[in-house]
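Grab your favourite viewer and a coffee. Here's a short set of exercises, each with a worked solution you can follow on screen.

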Amino acid sequence: MNTLQAFHSSTPADPFASRYGTPLPREMRADCAGMSWRTFLATYSPTNGPVRFGRWSVTPLGAGNSEYKATLGLGDTIRQATTVAGGPVSALTTMLYEAGFQLEILSFHQIRVAGGRTATFLLCEHAGRTHWALGMGDTATESSIEAMIAGANLLHG
């Protein structure tokens, strides 16, 4: 995970820096330069697509593993997914894969922003296509989940 120290000064055209005072990951800045906030959100954090995330529960099993259960909306159907994994990103990656929405995370950046919220930026890949995705949440886990769902929707939508 990259920390705030890994981010360098932003340009005035950085929509995330304009809103939160913290620059985007360096790799995203050129593509986002001059975007409005609305365009930025539509491009990196869409609110529609074939995958929707519902409820999530975690039951620790010991030895570093937990059982994760999630309700996923996949197109017109609702699916209950369960997996055992060492962490939430691994669990959701498995759940999405089993549902036919594969993605590989090539780059992961997470930062704290105003109000104690967390922003997660993921560079995701599937079938040779890459796309950055953004998730925002009250916790690191929530923002990671939101970013992964955004990534799945961007690559499979």
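What follows is a run of exercises on a predicted model.

**Exercise 1. Find the hairpin strands and work out how they pair.**

Step 1: Pull up strand β4, residues 104-112, and strand β5, residues 118-126. The two run antiparallel, with 8 bridges joining them.

Step 2: Check the register with one pair. Go to E104 and look across: the residue opposite, in β5, is E125.

Step 3: Now look at the turn. There are 5 residues between the strands of this hairpin, and G115 has a positive phi there, near 75 degrees.

**Exercise 2. Track down the non-glycine residues A63 and A127 and say what their backbones and surroundings look like.**

Step 1: Start with A63, in the loop between β1 and β2. Its phi is positive, near 55 degrees, and A63 isn't a glycine.

Step 2: Is A63 buried or exposed? With the exposed class starting over 50%, A63 makes it at 82% relative accessibility.

Step 3: Measure from A63 to G86, C-alpha to C-alpha. You should get 8.9 Å, for two residues 23 apart in sequence.

Step 4: Move on to A127, which sits in the loop between β5 and β6. Here too phi is positive without a glycine, at about 50 degrees. A127 counts as exposed, with 68% relative accessibility.

**Exercise 3. List the salt bridges and say what each one connects.**

Step 1: Search the whole structure using a 4 Å cut-off between side-chain nitrogen and carboxyl oxygen. How many salt bridges turn up? The search gives 2.

Step 2: Take E67 and K69. Their side chains meet at 3.9 Å, N to O, which squeaks in under the 4 Å limit. E67 is partly exposed at 24% relative accessibility, and K69 is partly exposed as well, at 40%.

Step 3: Now take R117 and D138, where the closest N and O atoms are 3.0 Å apart. R117 belongs to the loop between β4 and β5, while D138 belongs to the loop between β6 and α5, so this salt bridge ties together parts 21 residues apart in sequence.

Step 4: Check the accessibility of that pair. R117 comes out at 30%, so it counts as partly exposed; D138, at 49%, is partly exposed too.

**Exercise 4. Describe helix α5: its length and how enclosed it is.**

Step 1: Count 17 residues in α5, then measure from the first C-alpha to the last. The span is 24 Å, close to the 24 Å expected at 1.5 Å a residue.

Step 2: Apply the burial cut-off, under 20% relative accessible area. Of the 17 residues, 13 are buried, so α5 is largely enclosed by the rest of the structure.

**Exercise 5. Characterise the largest pocket and its lining.**

Step 1: Get the volume. The largest pocket comes to about 230 Å³.

Step 2: Which residues are closest to its centre? They are S45, P46, T47, E146 and I149, out of 15 lining residues.

Step 3: Sort the lining by element. β1 (51-62), β6 (129-137) and α5 (140-156) each give two or more residues. The largest share, 4 residues, comes from α5, the helix you examined in the previous exercise.

Step 4: Sort the lining by chemistry. You should end up with 8 nonpolar, 5 polar and 2 charged residues.

Notes:
Residues numbered from 1 in each chain as written. Predicted model: local features only at pLDDT ≥ 70, side-chain atom pairs only at ≥ 80, totals over all residues. Heavy atoms only, no water. Pairing = 2+ DSSP bridges. 1 Å grid on protein atoms, 1.4 Å probe; cavity = no way out; pocket = protein on both sides within 12 Å on 5 of 7 lines; lining within 4 Å. Points joined across faces, edges and corners; volume = space filled by probe spheres on them. Nonpolar A, V, L, I, M, F, W, Y, C, P; charged D, E, K, R; others polar. Buried < 20%, exposed > 50% of the residue type's maximum accessible area, 1.4 Å probe, protein only. Expected span 1.5 Å × (residues − 1).
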